[in-house]
Amino acid sequence: MYIECLNLDRFRNYKSLHIDLSPGCNVFYGKNAQGKTNIIEAIFLCAVGRSHRTSKDNELVMIGESTYRVTLDVVKEDIKKSVSISYDMQQGKRVDVNEISLKRMVDLIGNLNAVIFSPEEIMMIKQGPFERRRFTDITISQIKPSYFRDLQRYSHLLKQRNILLKDIQLGKSKGKELTVWNDTLASTGARIIYERKEFIKRISNKIQENHLKLTDGKESLTILYVPSFDIDDKMDITEIEKKFKRILEETEPREIQRGMTLYGPQRDDFEFILDGISLKLYGSQGQQRTAILSVKISEIDIMFEETGEMPVLLLDDVMSELDESRQKYLFENIGKIQTIITCTDKEKFKNEENARIFFVSKGTVKIEE
Ligand code: ATP
Ligand code: MG
């Protein structure tokens, strides 16, 4: 799939913008703070419904305005669709596909699949479990919308259960009401845990394969699922659910005391293992960056296998972070895929035959012939 054109209206530092993209390589270059990442952000927003930089839509609205709108024309199997996200400070967010408003955000998923590689992604290795869960959640959601629904449901249930735990702690509610919440939390949670387990297994194999190639057979990289409670690799959803329920029951007294749910997907983590040791603790900068590159190429592979369509690849400022051989590997391995690249220096792409080059300056974009 590819994006044919992009329209921005009062989005970040763009008052109004219309650009036609190449189905191949698109390079946006310019000085710092001109609006290059804002373009990537707008595209990613249309893929998953939220920005990769912030969860606050207010920040996306051009300062001094009260609404924004991003519209993309996406071509998939020769059929064109328009995907539009708009936000009004009073009325909230709205998603339209072919000018028909969607009732639920989850229905947006699948209209545009995107893989993003940005400096923020490296945090996935360096920072806490939240960033790592976010990565797996976004990727699984794009290939399995029911997972996205389960995540939303789980987060709602978790909030309610935590409120109840606090109420019981304060003597405002009785303990037996917890049973119902335990059941629903365990069944929704088990589906999430199962999907994460299977996804990590699958992407780990791909990552290992890609990373070996990327490092000339020198480094072995895998990713391990570290759930909040032990599960067996072979467990199915029902078995996980049973175990989760038992754990919830067993820890109830402690949870009431703390006023919060102590086990479940909200406490999951993943660990990158490079040659047998933790990449987070011992990996060099370069090793961590290369690892993310392997992760991203693997993500593209899986999305293609699942949907039969190549996703759009968004590369924000990462070319300068990769050495020549890694850059070459990236381009050789992404094949026929629409790529949106931001950088400060266009030199590298000057001889690229099919690249469309755009100069970005103070919220304006000029195509270079
Ligand atoms: P760099 O090379 O440093 O990464 P960039 O070209 O990627 O720069 P962006 O992050 O795309 O820069 O855009 C940053 C610019 O957008 C800044 O000048 C910032 O002030 C402006 N900006 C960000 N949010 C808004 C907003 N809501 N309204 C108006 N301008 C904004
Ligand atoms: Mg930027």
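Is K245 buried, exposed or partly exposed, and what is its relative accessible area? I began my notebook with this residue, and I found that K245 is partly exposed, with a relative accessible area of 28%. I note at the outset that I am reading a predicted model, and I keep that in mind for every entry below.

**Entry 1: the partner of K245.** I looked for the charged partner of K245 and found D183, with which K245 forms a salt bridge whose closest N and O atoms are 3.5 Å apart. This pair links distant parts of the chain, since K245 sits in helix 6 (residues 237-258) and D183 in helix 5, 62 residues apart. I then checked D183 and saw that its relative accessible area is 32%, so D183 is partly exposed because that value lies between the cut-offs of 20% and 50%.

**Entry 2: a second pair that involves helix 5.** Next I looked up R191 and found that it forms a salt bridge with D150, the closest N and O atoms being 2.9 Å apart. Here too distant parts of the chain are linked, with D150 in helix 4 (residues 145-169) and R191 in helix 5 (residues 178-214), 41 residues apart. I recorded D150 as buried, because its relative accessibility is 7%, whereas R191, at 28%, counts as partly exposed.

**Entry 3: a pair that involves helix 1.** I turned to R53 and E41, whose side chains meet in a salt bridge of 3.1 Å, taken from N to O. R53 lies in the loop between helix 1 (36-48) and strand 4 (67-76), while E41 belongs to helix 1, and the two residues are twelve residues apart. I asked myself which relative accessibility E41 has, and whether E41 is buried or exposed. The value is 0%, so E41 counts as buried, while R53, at 35%, counts as partly exposed.

**Entry 4: a network and the total.** I also found four residues, D9, R10, K15 and E65, that are linked in a network of salt bridges. When I looked up the count for the model, it came to 29 salt bridges. I added a general reminder for myself that side chains of opposite charge can pair when their charged atoms come close.

**Entry 5: the length of helix 8.** Finally I checked helix 8 (residues 285-307), whose 23 residues should span 33 Å at 1.5 Å a residue. The C-alpha atoms at its ends are 33 Å apart, so the model agrees with the expected span. After helix 8 comes G308, and I noted that its phi is positive, near 75 degrees.

Note on methods. Residues numbered from 1 in each chain as written. Chains lettered and ligands numbered in written order. Predicted model: local features only at pLDDT ≥ 70, side-chain atom pairs only at ≥ 80, totals over all residues. Heavy atoms only, no water. Helix = DSSP H or I, 4+ residues; strand = E, 2+ residues; numbered from the N terminus. Buried < 20%, exposed > 50% of the residue type's maximum accessible area, 1.4 Å probe, protein only. Expected span 1.5 Å × (residues − 1).
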